[in-house]
Amino acid sequence: MTAPTMPAAFIGHGSPMNAIEQNRYTESWRALGATMPRPRAIVVVSAHWYINATAVTAMPRPRTIHDFYGFPPELFAVDYPAQGAPEVAAELAEIVKPTWVGMDEDSWGLDHGTWSVLAHMFPQADIPVVQLSINGVKPFDYHLELGAKLASLRDSGVLVVGSGNVVHNLGGIDWRLTDTGFDWAQRFDEAAKEAMTSDPDAVLRLQNSPDFRAAVPTPDHFIPLLYLAGLAGASGRPADVLVDGYAYGSLSMTAYTLDLPGAGAHGSGPAGELPQDVPPDATNV
């Protein structure tokens, strides 16, 4: 049987607490998983595997990594026991040549940028998962082009997900603004939305926005968006908004889908909380 062409997505994952909470964002992620065809495997580009190389997890049983600080014990107790997919890792490395991708057989696993989202999309953890690292020494156009090269994985039933936040400024958090964004955060998020829903390749021009420095003080959470933009550009179709909103003034929770219109927003309530007894930039959110 031929595998269905899979949609693709970018998820604004926010606080790790979203893994164990129900709100309008997590309900949208859950509805997304329930709406799409069952993937053969999942490839996730997470903001939290940000290294100086391009690599893919290739172990048969990736560990659940609790790469954050200051959160309650029940979050550290979460396990997402999905199997790995070494054969998908090898496929990925082959289709993106001559770009080199290293096979990580023992060092990483599934970080919270991956499992906090998949715990809602596929709560049974019964679909194999691999992570693709973010090569932090490469420019933005490298990531856009690498995303486009992943297009053929979708034709073989592989779901590609970027996980980060379009606006991610932990130093700018205002604890009083649990469900809204500063003016500059909203402007930048809206500019990204205009690009993603009309001309995804134009996301590269967001670097010229006067709000870019405030919205993207570090590139790790923004770059996963470029992978969906690359896939959208390769398909010749724009992305759709799955859900949008803000947390603590300086975090955007906007999520996008490609080739799965109508998944839509579900549920209610603000995004998961952050611990107020730990500085946000020390939590590894």
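**Exercise 1. The overall build**

How many helices and strands does the secondary structure of the chain come to? Work that out, then decide how compact the chain is.

*Solution.* Keep in mind that this is a predicted model.
- Step 1: count the elements. You should get 9 helices and 14 strands.
- Step 2: take the radius of gyration, which is 17 Å, and set it beside the 19 Å that the globule rule gives for 285 residues. The two are close, so the chain is as compact as a globular protein of that length.
- Step 3: put a box around the C-alpha atoms along the principal axes; its sides are roughly 50 × 40 × 35 Å.
- Step 4: look at burial. Of the 285 residues in the chain, 59% are buried.
- Step 5: see how far along the sequence the contacts reach. Taking contacts with a separation of 6 or more, 83% are between residues 24 or more positions apart.

**Exercise 2. The nonpolar cores**

Find the largest nonpolar core, say which helix gives it the largest share, and then look for a second core.

*Solution.*
- Step 1: the largest nonpolar core has 51 residues. L92, L132, L150, F188 and Y256 have the most contacts inside it.
- Step 2: ask where its residues come from. Helix α9, residues 223-235, supplies the largest share, with 8 residues.
- Step 3: zoom in on L92. Leaving out residues up to four places away in sequence, L92 touches V43, V56, V101, L132, L150 and L153.
- Step 4: there's also a second, separate core of 42 residues, and V44, L242, L251 and V285 are included in it.

**Exercise 3. The largest pocket**

Describe the largest pocket by its space, its lining and the classes of its lining residues.

*Solution.*
- Step 1: the space in the largest pocket is about 170 Å³.
- Step 2: 12 residues line this pocket, and H168, L170, T218, D220 and V285 lie nearest its centre.
- Step 3: sort the lining by class. You end up with 7 polar, 3 nonpolar and 2 charged residues.
- Step 4: pick out V285. It turns up nearest the pocket centre, and V285 also belongs to the second core.

**Exercise 4. H168, N169 and W184**

Place these three residues, decide whether each is buried or exposed, and list what they touch.

*Solution.*
- Step 1: place them. H168 is in the loop between β10 and α7. N169 is in that loop too, with β10 covering 158-164 and α7 covering 183-196. W184 sits in helix α7.
- Step 2: check burial against the cut-off of under 20% relative accessible area. H168 has 7%, so it is buried. N169, at 15%, is buried, and W184 makes it as well, with 19%.
- Step 3: list the contacts, skipping residues up to four places away in sequence. H168 touches A215, P217, H221, S250, L251 and V285. N169 is in contact with W184, A214, A215, P217, S250 and L251. W184 touches V167, N169, D211, A214, A215 and S250.
- Step 4: compare the lists. A215 and S250 appear for H168, for N169 and for W184.
- Step 5: check C-alpha distances. N169 and S250 are 81 residues apart along the chain, yet their C-alpha atoms are separated by 5.4 Å. For W184 and G249, 65 residues apart along the chain, the separation is 9.4 Å. H168 and G14 are 154 residues apart in sequence and 8.6 Å apart in space.

**Exercise 5. Backbone oddities**

Track down a cis peptide bond and two positive phi values, then say where each one lies.

*Solution.*
- Step 1: recall the background. Most residues other than glycine have a negative phi, and most peptide bonds are trans.
- Step 2: look at K97 and P98. A cis peptide bond joins them, with omega about 15 degrees. P98 is in the loop between α3 (86-95) and β6 (102-104).
- Step 3: turn to Y248. Its phi is positive, about 55 degrees, although Y248 is not a glycine. Y248 lies in the loop between β12 (246-247) and β13 (251-252), and counts as buried at 5% relative accessibility.
- Step 4: finish with D259. Phi of D259 is near 65 degrees, again a positive value in a residue other than glycine. D259 lies in the segment after β14 (255-258). With a relative accessible area of 30%, D259 is partly exposed.

How values were computed. Residues are numbered from 1 along each chain as its sequence is written. This is a predicted model: local features need pLDDT of at least 70, side-chain atom pairs count only at pLDDT 80 or more; totals for chains, interfaces and linings use all residues. Side-chain values use heavy atoms; hydrogens and water are left out. On a 1 Å grid over the protein atoms alone, a cavity is a set of points where a 1.4 Å probe fits but cannot get out, and a pocket is an open set with protein on both sides within 12 Å along at least five of seven lines; lining residues have an atom within 4 Å of a point. Grid points are joined across faces, edges and corners, and a volume is the space filled by probe spheres set on the points. Ala, Val, Leu, Ile, Met, Phe, Trp, Tyr, Cys and Pro count as nonpolar, Asp, Glu, Lys and Arg as charged, and the others, Gly among them, as polar. A nonpolar core is a set of buried Ala, Val, Leu, Ile, Met, Phe, Trp, Tyr and Cys residues joined through side-chain atoms within 4.5 Å. Buried means under 20% relative accessible area, exposed over 50%, partly exposed in between (1.4 Å probe, protein chains only). Helices (H or I, at least four residues) and strands (E, at least two) are DSSP runs, numbered from the N terminus. Contact means heavy atoms within 4.5 Å. The radius of gyration is taken over C-alpha atoms; the globule rule is 2.2 Å times the number of residues to the power 0.38.
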